[in-house]
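Good morning, and thank you for coming. I should like to take you through the model now being shown.

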Amino acid sequence: MFEHVVKIMQSCPCGRRHGLLTEECVVSRDALLRMKEYIEKKGWSRPAVVADENTRVFAQAILEKIPASLTVVAGNAHATEVWCAKVGAFVDEEKPDVLIACGSGSVHDITRYVACEKTLPFLSYPTAASVDGFVSGVAAMTWHGQKLTFPSVPPLAAFADPEVFSSAPARLTASGVGDVLGKYTSLFDWRVGQILTGEYLCEELCALETEAIDELKEALERRAEIGETAYCEKVMNALLISGLAIQLSGNSRPASGAEHHMSHLWEMHRLNETNDGLHGEQVAVGLLCVTRRYEEALRCGLDYEKIAAIDPERVMDRAYLEPVFRDLTDGILKENMPGGVPASSSLAKIVLTDDTDRRIREAAAKILPASEETERLLKLAGTPVTTAEIGLDPSPAFTARSLRFAPYVRDRLTLLKVLDAAELV
Ligand SMILES: [Zn+2]
Ligand SMILES: [Zn+2]
């Protein structure tokens, strides 16, 4: 699969030049040795490792092979301004020439943020196959209590040792599978964006993500036969590919659609007070809710008269969004109207033609598995499939409300957003 990435980089039929800052992606038992060689090749002499209490043991193993300084954040540390300031102060004192993120998602986001702030290169050493963000270029932060994504830097290289990440708690690996299977609706929504608004879409990047999902699915079906280490390795491969696809695309379009918007909405704590789900667990639950909604909408038939009559002014209306988003409404309106007026929203770009319905149905048939199949795969992976399992309101009314408002966390066009906007006509 990594060869496919190189091919897309060299030349792509879509005509775009897909850039990649990550030079190497190694998933191998000798990952640590390969990282040592990479550091020597680059001539770095003062590496510093960032780990958390749970991954300290792996950081110690790095230190045995590579002379480096070490800083350890709390086991439950999120990527907040507090932890970034602490690691930033450590960097000011130690003056390393490269940072190594040794951990899962939050350790990577803290390291990525500090590396970007101090203009240092960083390397990824993932200790769990839990998210696709290791090699991506955006940092998911919790800044003064608010969930934000900051443009940041991807690692120059990633070194993942199957012995290490397959020893992570099973819940983390399951969460990684949820993040990968979420690409079913991400890819469908991207296609819907292309069909309805003529949005740019790269067939090669879609094929790359599809290949990653298919290989993971095969490993999931044969999990008992191939064994846990090989299974976790397949999950890690799919996550790294997905992260690279985000870099190649220049944004998260190939890897994030309505299912991620559900997760973002729940993390904004506007409909719910808390939620206990890991990122990929929320994506898994979001995926199933969205797949069922799409299935039902397609079964009943999309109402093209209403879609044609969508009025962005009516949707980008404070009176509609404020009761839910409250103090975040200004930010939500800004996000949904990049040009400052409703006519600049993605909804305003919809153009219907005679074959719109046929193309949407064909895309759904090709990309989206039936909801029963998605549920089966998620259960096989061991992810939650209901809102209740991640500490959210179990009522159908809560799910309906989440489906209604989730599309507005981003301007990105999804079928979910079209369905909601059409109901407001
Ligand atoms: Zn392309
Ligand atoms: Zn994700």
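**Two metal sites, a helix pair and two loops**

Let me begin with T119, which lies in the loop between α5 (105–117) and β5 (122–126). Helices here are DSSP runs of H or I with at least four residues, strands are runs of E with at least two, and both are numbered from the N terminus. Before going on, I should say that this is a predicted model: local features need pLDDT of at least 70, side-chain atom pairs count only at pLDDT 80 or more, and totals for chains, interfaces and linings use all residues. Residues are numbered from 1 along each chain as its sequence is written, chains are lettered from A and ligands numbered from 1 in the order in which they are written, and side-chain values use heavy atoms, with hydrogens and water left out.

Although T119 is not a glycine, its phi is positive, at about 45°. T119 counts as exposed because its relative accessible area is 72%; the term exposed applies over 50%, buried under 20%, and partly exposed in between, with a 1.4 Å probe and protein chains only. R326, also not a glycine, has a positive phi of about 45°. R326 sits in the loop between α16 (318–325) and α17 (329–336), and is partly exposed because its relative accessibility is 41%.

I turn now to the zinc ions. Which protein atoms are the donors of the zinc ion (ligand 1)? They are C12 (SG), C14 (SG), H18 (NE2) and C202 (SG), at 2.1 to 2.3 Å from the ion. A donor is an N, O or S atom within 2.8 Å of the metal (3.2 Å for Na, K and Ca); water is not among the atoms, so sites may look incomplete. The angles among the 4 donor atoms run from 102 to 118°, and the site is tetrahedral, a label given to four donors if all angles lie between 85 and 135 degrees. Along the chain, the spacing of these donors is C-x1-C-x3-H-x183-C. Distant parts of the chain are linked here: H18 is in the loop between α1 (2–10) and β1 (24–27), and C202, 184 residues apart from H18, is in the loop between α8 (183–197) and α9 (203–221). Both H18 and C202 are buried.

E204 belongs to helix α9. Leaving aside residues up to four places away in sequence, E204 touches H4, I8, C12 and P13, where contact means heavy atoms within 4.5 Å. One of these, C12, is a donor of the zinc ion (ligand 1). The C-alpha atoms of E204 and C14 are 7.8 Å apart, with their positions 190 residues apart along the chain. E204 is partly exposed because its relative accessible area is 23%.

For the zinc ion (ligand 2), the protein donors are D179 (OD), H260 (NE2) and H279 (NE2), at 2.1 to 2.2 Å. Their spacing is D-x80-H-x18-H. This site too links distant parts of the chain, with D179 in helix α7 (residues 170–181) and H279 in helix α13 (residues 279–300), 100 residues apart. Is D179 buried or exposed? D179 is buried because its relative accessibility is 0%, whereas H279 is partly exposed at 22%.

Finally, the helix pair. The contact between α9 and α19 is made by K217, L220 and E221 of α9 with E373, R376, L377, L380 and A381 of α19.

How values were computed:
Tetrahedral: all angles 85-135°; square planar, octahedral: opposite > 155°, others 65-115°.
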